[in-house]
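Here's a quick briefing on one helix and the company it keeps. Have a look at the model first, then we'll go through it topic by topic.

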Amino acid sequence: MSIIGPHVPVRSKNDSGLNRLLSAAVINREFRKLLLSKPDDALALGYKGERFCLEQEERELILSLQAKTLPDLAFRLAKARQEAGR
């Protein structure tokens, strides 16, 4: 299964780009591995034709976390956002 496809930005009023990113990582092992090992590639490639609509600071945060597992990524992301007052 390939994660490369047409890049169609999608943003829902009820769904943030970060939630969509984490959802893709939860449901697809290949994407999850890429996100954890090469987050810049995962963000650039998107998932199944969808690019994630992230603000620049969200993108930078994902790239800086260097998590080894998805629960670790989610924890670090939540902690960083809490510290930033989001």
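Which exposed residues sit on the face of H2 turned away from its buried side? They are Arg29, Lys33 and Ser37. Keep in mind that this is a predicted model. The rest of the briefing works around H2, which covers residues 29–37.

**The two faces of H2**

- On the inside, Phe31, Leu34 and Leu35 are the buried residues of H2.
- Look down the axis of H2 and those buried residues fall within an arc of 100°, so they line one face of the helix.
- That buried set has plenty to pack against: H1, helix H3 (39–45), E2, helix H4 (56–65) and helix H5 (70–83).

**Lys33, out on the other side**

- Lys33 belongs to H2 and is one of the exposed residues on the face turned away from the buried side.
- Why does Lys33 count as exposed? Its relative accessibility is 53%, and the cut-off for exposed is over 50%.
- Along the chain, Lys33 and Thr69 are 36 residues apart, yet their C-alpha atoms are separated by 8.7 Å.

**Asn28 at the start of the helix**

- Just ahead of H2, Asn28 sits in the loop that runs between helix H1 (17–27) and H2.
- Asn28 is buried, with a relative accessible area of just 4%, against a cut-off of under 20%.
- What does Asn28 do at the N-terminal end of H2? It caps that end, with a side-chain oxygen 3.1 Å from the backbone nitrogen of Glu30.
- The Asn28 side chain also has a polar atom 2.7 Å from the backbone nitrogen of Phe31.

**Phe31 and the aromatics**

- The model has two aromatic pairs by the ring-centre rule.
- Phe31 and Phe52 make up a tilted pair, with 5.7 Å from centre to centre and 45° between the planes.
- Phe31 is in helix H2 while Phe52 is in strand E2 (residues 50–52), so this pair ties together parts of the chain that are 21 residues apart in sequence.
- Buried or exposed, these two? Both Phe31 and Phe52 are buried.
- Add Tyr47 and you get one aromatic cluster made of Phe31, Tyr47 and Phe52.
- To pull the threads together, Phe31 turns up on the buried side of H2, in the contact with the Asn28 side chain through its backbone nitrogen, and in the aromatic cluster.

Terms used. Residues numbered from 1 in each chain as written. Predicted model: local features only at pLDDT ≥ 70, side-chain atom pairs only at ≥ 80, totals over all residues. Heavy atoms only, no water. Helix = DSSP H or I, 4+ residues; strand = E, 2+ residues; numbered from the N terminus. Buried < 20%, exposed > 50% of the residue type's maximum accessible area, 1.4 Å probe, protein only. Phe/Tyr/Trp six-rings, centres within 6.5 Å; stacked < 30°, edge-to-face > 60°. Polar contact = N/O pair within 3.5 Å; in protein donor to acceptor, adjacent residues only side chain to side chain. Arc of directions from axis to C-beta. Contact = heavy atoms within 4.5 Å.
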